[in-house]
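Please examine the sequence and the structure shown below. The paragraphs that follow lead from single residues to the chain as a whole.

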Amino acid sequence: MKPLLEVKDLKMHFPVKSDKLFTKEKPVLKAVDGVSFTVRKGETLGLVGESGCGKSTTGRAILKLLEPTAGSILFNGEDITNFKGEKLRKLRRQMQLIFQDPYASLNPRKTIANIITEPMKIFGIPKAERRKKLQQLMDVVGLNASHKQRYPHEFSGGQRQRIGIARSLALEPELVICDEPVSALDVSIQAQVINLMEDLQKEFDLTYVFIAHDLSVVHHISDRVAVMYLGELVEIGEANELYQNPKHPYTQALLSAVPEAGAEQKKERIILKGDLPSPQNPPTGCKFHTRCPFAAEICRMERPVLKPVSEGGQMAACHFAKEVAVAEMV
Ligand code: SF4
Ligand code: MG
């Protein structure tokens with residue numbers, strides 16, 4: 001089956017101010033540096049990594065809120081990288097964003113009826129239809145439709161995220177980019193919102209890219225998971241396989257800190273050396289070499305590419321992915 005979304009060698013480089021006065025080089029921040037992956041229709045791809053690794057920037061590039069420096073993005077088989085004007089406007093209906101912070105993303109001066117129906121208004125959907133759809137959307141996300149004239153501050157955090165979700169579904173999108181949709185919520189509320197998102201996915205045949213740093217949440221909701229480090233994709237695979245048998249040392253370290261994930265094997269927590277390097281001045285070769293317990297000479301010199309590491313389609317970008325996996329098992 002044709003993937004719904006294909007991201008090919010995506011680069012997002014941003015100019016930054018130089019601290020050197022006399023230099024001809026223009027320094028750039030390589031927020032995303034050659035990332036490729038696909039998302040199948042109806043699945044959830046989890047995108048994980050520490051803050052600043054390029055997850056949100058990747059999400060915004062897919063939505064065409066940011067212009068890529070290089071690479072391409074295909075949606076339903078069509079190259080959308082250079083979409084502008086009316087084509088871009090039409091595309092916007094098919095892709096939506098759920099924000100991290102429901103407090104910040106809802107206009108405090110608008111009633112939730114206005115907030116939820118606004119995207120439909122922008123696309124010229126007639127009033128009667130908007131009204132009908134509002135009722136339906138409030139129902140499916142579990143909001144009391146008689147509260148539609150209230151303002152965002154009158155709702156709890158979880159309810160506000162439901163408002164945000166209703167709004168994102170107003171135009172019946174195919175793809176929803178969820179950027180840390182539950183990280184601002186209490187743990188008990190997180191589960192409710194995640195369950196709601198799963199129900200909505202089935203009901204409306206949605207495809208999710210689910211960006212988060214909480215690995216347990218990502219495991220729960222994702223079919224496949226992609227791990228990013230300093231603007232690069234270091235591992236991708238089917239969620240259960242990747243969580244049970246991570247092949248990249250960075251993924252192993254991340255997962256070793258999650259109590260639930262390695263419970264069976266009683267994995268020891270892997271403490272990484274040093275701090276996360278600055279994305280403005282990343283290490284050469286494998287960007288993880290400054291913190292990797294398995295780093296060797298080649299790691300400082302050559303950037304490893306994503307290679308298949310299992311029969312189930314798991315891929316890792318590490319010169320020693322296979323050896324590392326064996327070392328972990330003994
Ligand atoms: Fe570690 Fe080398 Fe693999 Fe990078 S390529 S993850 S430094 S072993
Ligand atoms: Mg982010």
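Leaving out residues up to four places away in sequence, Gly-158 touches Leu-185, Ile-189, Gln-192 and Val-193. This model is predicted, and each statement here describes the predicted coordinates. Gly-158 belongs to helix α6, which covers residues 157-169. One of its contacts can be followed in space: 35 residues separate Gly-158 from Val-193 along the chain, yet their C-alpha atoms are separated by 7.1 Å. Is Gly-158 buried, exposed or partly exposed? A residue counts as buried with 20 or more other C-beta atoms within 10 Å, and as exposed with 12 or fewer. Because Gly-158 has 18 C-beta neighbours inside 10 Å, it counts as partly exposed.

Another glycine, Gly-71, lies in strand β4, which is formed by residues 70-75. Its contacts, apart from neighbours within four places in sequence, are Lys-8, Asp-9, Leu-10 and Lys-11. Gly-71 also has 18 C-beta neighbours inside 10 Å, and therefore counts as partly exposed. Between Gly-71 and Gly-85 there are 20 Å in space, C-alpha to C-alpha, and the two are 14 residues apart in sequence.

A further glycine, Gly-52, is located in a loop, between β3 (44-48) and α1 (55-62). It counts as partly exposed because it has 16 C-beta neighbours inside 10 Å. From Gly-52 to Ala-226 the sequence runs over 174 residues, while the distance in space is 15 Å from C-alpha to C-alpha.

The backbone angle phi draws attention to two other residues. Most residues other than glycine have a negative phi. Asn-76, in contrast, has a positive phi, near 50 degrees, and is not a glycine. This residue is in the loop between β4 and β5 (78-79). With 15 other C-beta atoms within 10 Å, Asn-76 is partly exposed. The second case is Asp-205, whose phi is positive at about 55 degrees although the residue is not a glycine. Asp-205 also sits in a loop, which connects α7 (187-204) and β8 (207-211). Only 11 other C-beta atoms lie within 10 Å of Asp-205, so this residue is exposed.

How is helix α10 placed with respect to the rest of the structure? This helix consists of residues 249-256, and 6 of its 8 residues are buried, so it is largely enclosed by the rest of the structure. The buried residues of α10 are Pro-249, Tyr-250, Thr-251, Gln-252, Leu-254 and Leu-255.

The model also contains a ligand. Which residues are closest to ligand 1? They are Cys-286, His-289, Cys-292, Cys-299 and Cys-318, and 13 residues in total surround this ligand. Sorted by class, the shell around ligand 1 has 10 nonpolar and 3 polar residues, and no charged residues.

The next step is to consider how the chain is divided. Its domain assignment gives domain 1, covering 5-222, and domain 2, covering 237-330. Between the C-alpha centres of domain 1 and domain 2 the distance is 28 Å. Domain 1 contributes 12 residues to the contact, and domain 2 contributes 11 residues. On the side of domain 1 that touches domain 2, the elements that give two or more residues are β2 (28-39) and α8 (215-221). By class, that side of domain 1 has 5 nonpolar, 5 polar and 2 charged residues.

Finally, the chain may be described as a whole. It contains 12 helices and 12 strands. Of its 330 residues, 38% count as buried. Among contacts between residues at least 6 apart in sequence, 65% join residues at least 24 apart. The C-alpha atoms fill a box of roughly 65 × 55 × 40 Å, taken along the principal axes. For 330 residues, a compact globule would have a radius of gyration near 20 Å, and the chain agrees with this, because its value is 21 Å.

How confident is the predictor in this model, or what is the mean pLDDT of the chain? The mean pLDDT is 92, and 93% of the residues reach 70 or more. The model scores ipTM 0.95 and pTM 0.93. Where pLDDT is low, the predicted coordinates should not be read in detail.

Technical notes
Residues numbered from 1 in each chain as written. Chains lettered and ligands numbered in written order. Predicted model: local features only at pLDDT ≥ 70, side-chain atom pairs only at ≥ 80, totals over all residues. Near = placed C-beta within 6 Å. Nonpolar A, V, L, I, M, F, W, Y, C, P; charged D, E, K, R; others polar. Helix = DSSP H or I, 4+ residues; strand = E, 2+ residues; numbered from the N terminus. Contact = placed C-beta atoms within 7 Å. Domains from an automatic or database assignment. pLDDT = per-residue confidence, 0-100. Rg over C-alpha atoms; globule rule 2.2 N^0.38 Å.
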